[in-house]
Amino acid sequence: MSTMTTKDGTQIFYKDWGPKNADWGPRAEDWGPRDAQPIVFHHGWPLSADDWDNQMLFFLGEGYRVIAHDRRGHGRSSQTATGNEMDTYAADVAELVAALDLQNAIHVGHSTGGGEVARYVARAEPGRVAKAVLIGAVPPVMVKSDTNPGGLPIEVFDGFRAALVANRAQFYRDVPSGPFYGFNRAGATVSEGIIGNWWRQGMIGGAKAQYDCIKAFSETDFTEDLKAIDVPVLVMHGTDDQIVPYADSAPLSAKLLPNATLKTYEGYPHGMCTTHPDVINRDLLAFIRG
C-alpha cells in the first residue's frame, strides 16, 4: 500500500495512478498541455478513496494522473483520535500534495470532501491548484443558525452521532439503503452491491474519527474559504439531495465563489457520482478541459 506520514505521525493511504511528469522527459516545455495533469479526489463521510473507483478509472483512461487518499481516521489511514477536523484535514492534503509534488492539479471533492477541498484550495501554495470541483458538497455551512436559517437543525447531526454509537453497523446500512443514493424513492433501482460497498468502506474506518467528523462536516463555516478561492470552480449538486439539501448549499456556495459555475441536476441524489457516473464524468471532463 502507498502511504505517507504526516508531521503528527498519521499514516495517510493514497492511490496514485497514471503518468507522472517525470515520465515525459527532463524539460517541462516538452510536456503536452494535458500530459500527466493530476486530478485529486476527496471522498465523503464516512467513506474512503474507493468511493471514486469509477471516476479514477474513467480519468485514467483519458490520460490523467489520478490520486485519491483516505482521510485520516477513514479507510486504510490511521484511526486517529485527534485532528479529525477541517483544518487538519486540509493540512494533511497539503502534506500529501507536497510529498507527491503536484502542480496545476484539479481538486474534486464530494460532500465532506467538498469542504476539505474548499479549505485546502483557499490556502494552497501558488501553482498547486488549477481548478476545483464541489459535488454535493457541505459548504458554505450545513447546521442551522441565526446566520444560516435554512440549515439543518443540530438535532439531525446529534441523531447521526447517537446512531453511530448505538449500532454503527446498522446505521451504515440504513444510510446507503435510504437517503444517500435515493433508494428510498418510489421507482428507484436499488443496488445491493452499492449498499454493501458503502457499508464496507464505512466499517473499515475508525468510529472515533467518524464520530468527530460529523461535527466537522456539519458545523464548519466555509464562507471565508469560498471567498478566497480565485481559481475556476464547478459546483455540481442534485436537487433531490437528502443528505446535503440543495437550497442551502450549492447556490449559496456559487454566489460566494469569485469564479464559479453552478450545474444543477434535477432529481439526482447525494451519491450521484455512483448512480449517474456517465453524466457526472462527462461534465467533469468538459470542465477540466475547458
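Which residues line the largest cavity? Select D51, W52, H110, F180, H270, G271, M272, C273 and T274, and you have the lining. Bear in mind as you click around that this is a predicted model.

Stay with that cavity for a moment. It has a volume of about 50 Å³, and the count of cavities of 30 Å³ or more comes to one. Now colour helix α9 (residues 272-275): this helix gives the largest share of the cavity lining, three residues. Colour the lining by residue type and you get four nonpolar, four polar and one charged.

Next stop, helix α4. Select residues 154-177 and look along the helix. There are 24 residues here, yet the end C-alpha atoms are only 23 Å apart, where a straight helix would reach 34 Å at 1.5 Å a residue. Centre the view on N167 and you'll find a kink of about 125°.

Now show side chains on the buried residues of α4: F157, R161, L164, R168, F171, Y172, V175 and P176. To see what they pack against, bring up α5 (192-204) and α6 (207-219).

Keep α4 on screen for the last stop, the largest pocket, since α4 supplies the largest share of the pocket's lining, four residues. The largest pocket has a volume of about 200 Å³. Of its 17 lining residues, pick W45, F160, V175, Q242 and I243, the closest to the centre. V175 is also one of the buried residues of α4. Colour the pocket lining by type to finish: 13 nonpolar, four polar and no charged residues.

Technical notes:
Residues numbered from 1 in each chain as written. Predicted model: local features only at pLDDT ≥ 70, side-chain atom pairs only at ≥ 80, totals over all residues. Heavy atoms only, no water. Helix = DSSP H or I, 4+ residues; strand = E, 2+ residues; numbered from the N terminus. Expected span 1.5 Å × (residues − 1). Bend = angle between axes of the 7 residues up to and from the residue. Buried < 20%, exposed > 50% of the residue type's maximum accessible area, 1.4 Å probe, protein only. Contact = heavy atoms within 4.5 Å. 1 Å grid on protein atoms, 1.4 Å probe; cavity = no way out; pocket = protein on both sides within 12 Å on 5 of 7 lines; lining within 4 Å. Points joined across faces, edges and corners; volume = space filled by probe spheres on them. Nonpolar A, V, L, I, M, F, W, Y, C, P; charged D, E, K, R; others polar.
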